[in-house]
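Student: Please take a close look at one part of this model. What packs there, and how is it held in contact?

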Amino acid sequence: MDNSPGFSPTPASLPQDSQIVEQPLVNDINEFDSLIMLRCLELARTALGRTSPNPLVGAVVVQNGQILGEGFHPCAGEPHAEVFALRAAGAGARGSTVYVNLEPCNHYGRTPPCSEGLINAGVSKVVVGMVDPNPLVAGRGIARLRDAGIEVVVGVEEAACRRLNEGFIHRILYQRPLGILKYAMTLDGKIATTTGHSAWITNKDARTQVHCLRAACDAVIVGGNTVRKDNPYLTSHQVEAHNPLRVVMSRSLNLPEQARLWDTQEAATLVLTQVGSSQTFQKMLWEKGVEVLEFSSLTPETVMTHLYERGFCSVLWECGGVLAANAIAQGAVQKIMAFIAPKIIGGDHAPTPVGDLGFTNMTEALTLERLSWRVIGDDCLVEGYLPRVIN
Ligand SMILES: Nc1nc(O)c(N)c(N[C@@H]2O[C@H](COP(=O)(O)O)[C@@H](O)[C@H]2O)n1
Ligand SMILES: [Zn+2]
């Protein structure tokens with residue numbers, strides 16, 4: 001069962017490049033629009049994890065039910081999806097309908113406005129998934145197209161479009177990356193035994209899902225305790241091309257000299273520490289290719305500010321309970337992804353996913369919103385968003 005809003009159905013019946021869409025595939029024009037918009041999202045996902053601070057965008061040019069051109073935005077600084085799709089369609093773009101999951105831009109950023117490109121190409125209609133929340137765009141792209149006499153339809157598969165770019169939207173609205181707290185726990189709420197042993201709580205398929213999640217995020221954060229206890233890789237294990245920046249928060253730098261995270265061949269590592277921590281250890285890390293930054297105040301909030309300034313849209317917290325509680329309390333977490341295994345391990349002192357939040361009364365509980373769940377083999381993934389009251 002999959003009722004998760006985070007996963008759009010794979011459109012198995014989607015038209016391939018330059019393939020005529022047979023009429024029986026669609027009941028009406030809206031269903032056709034949905035089908036092509038889902039194709040835009042699929043194209044957009046090609047660049048998963050690589051577009052920040054820009055969004056994931058795909059575009060499709062259609063003429064008489066035939067796909068003439070497709071494109072996606074590969075990374076910031078490169079042309080936008082619409083440009084690639086128009087290029088692929090060539091002269092056939094005149095009189096066509098262009099589908100795009102995000103409103104075409106209308107400003108000179110790193111690239112020129114797509115609204116002008118669409119007008120110059122002579123397209124007749126543009127179907128847009130969602131309005132761009134970027135204040136530089138925010139409806140101006142749609143208005144520019146309409147002023148030029150182009151028909152514009154807005155909001156096709158809007159929920160799926162918003163889900164795909166939830167990190168970009170959060171970044172634009174709150175000037176911070178979206179914080180996602182992910183943990184794996186047993187049915188009795190433990191993330192390790194009393195000795196700290198945790199390999200493995202969930203099954204292989206659930207762990208593969210975590211690797212996919214890492215590939216979609218810009219950074220993954222752990223604390224020093226996780227490095228000492230688990231010696232993690234924190235990579236996407238090649239499920240996708242992208243690896244997140246691996247971030248370690250450690251005030252003391254009481255960390256092992258040998259750790260998988262210090263091997264930066266496959267993925268980069270950033271260690272964030274407090275001013276005054278061991279210069280010798282910092283030097284050793286730099287020599288291994290690990291970037292080290294000193295903060296006068298190392299907190300989840302200052303770290304998220306730094307990662308925003310680096311251009312990040314989404315950050316995955318894969319830390320232990322103490323750091324997770326601090327991150328929640330400081331508004332550095334908006335989304336929870338809890339993998340739950342049907343296992344009981346007990347233990348009065350076995351660690352739990354979220355440490356002390358200072359709550360004494362059930363009325364203080366943080367009740368997740370927009371809740372969804374799905375079963376992965378024997379395990380279950382529960383996803384939801386923290387109430388905005390603390391964010
Ligand atoms: N509609 C659309 N398609 C794309 O492919 C895009 N990358 C965007 N991005 C919007 O434009 C801003 C970035 O502009 P530059 O790449 O710097 O020129 C980005 O913030 C989005 O608002 N839109
Ligand atoms: Zn653009």
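Tutor: Helix α3 passes helix α4 in a right-handed crossing (the near helix is turned clockwise from the far one by less than a right angle; anticlockwise would be left-handed). The model is predicted: local features need pLDDT of at least 70 and side-chain atom pairs pLDDT 80 or more, while totals for chains, interfaces and linings use all residues. Residues are numbered from 1 along each chain, chains are lettered from A and ligands numbered from 1 as written, and side-chain values use heavy atoms, without hydrogens or water.

α3 covers residues 114-121 and α4 residues 140-147 (helices are DSSP H or I runs of at least four residues, strands E runs of at least two). Their axes, lines fitted to C-alpha atoms over the stretch in contact, lie 9 Å apart at an angle of about 20 degrees (on a scale from 0 to 180 degrees between N-to-C directions). That makes the two helices roughly parallel (under 35 degrees). Ser115, Glu116, Leu118 and Ile119 of α3 meet Gly141, Arg144 and Leu145 of α4 (heavy atoms within 4.5 Å).

α3 also packs against α2, with axes within 9 Å and crossing at roughly 20 degrees. This pair is therefore roughly parallel too, but α2 passes α3 in a left-handed crossing. Here Glu82, Val83 and Leu86 of α2 meet Cys114, Gly117, Leu118 and Ala121 of α3.

Cys114 (SG) also coordinates the zinc ion (ligand 2), together with His80 (ND1) and Cys105 (SG), at 2.0 to 2.2 Å (donors are N, O and S atoms within 2.8 Å of the metal, or 3.2 Å for Na, K and Ca). His80, in the loop between β2 (66-72) and α2 (81-89), is 34 residues from Cys114. Both His80 and Cys114 are buried (under 20% relative accessible area, 1.4 Å probe, protein chains only).

How values were computed: Angles under 35 degrees count as roughly parallel, over 145 as roughly antiparallel, 65 to 115 as roughly perpendicular and the rest as oblique. Buried means under 20% relative accessible area, exposed over 50%, partly exposed in between (1.4 Å probe, protein chains only).
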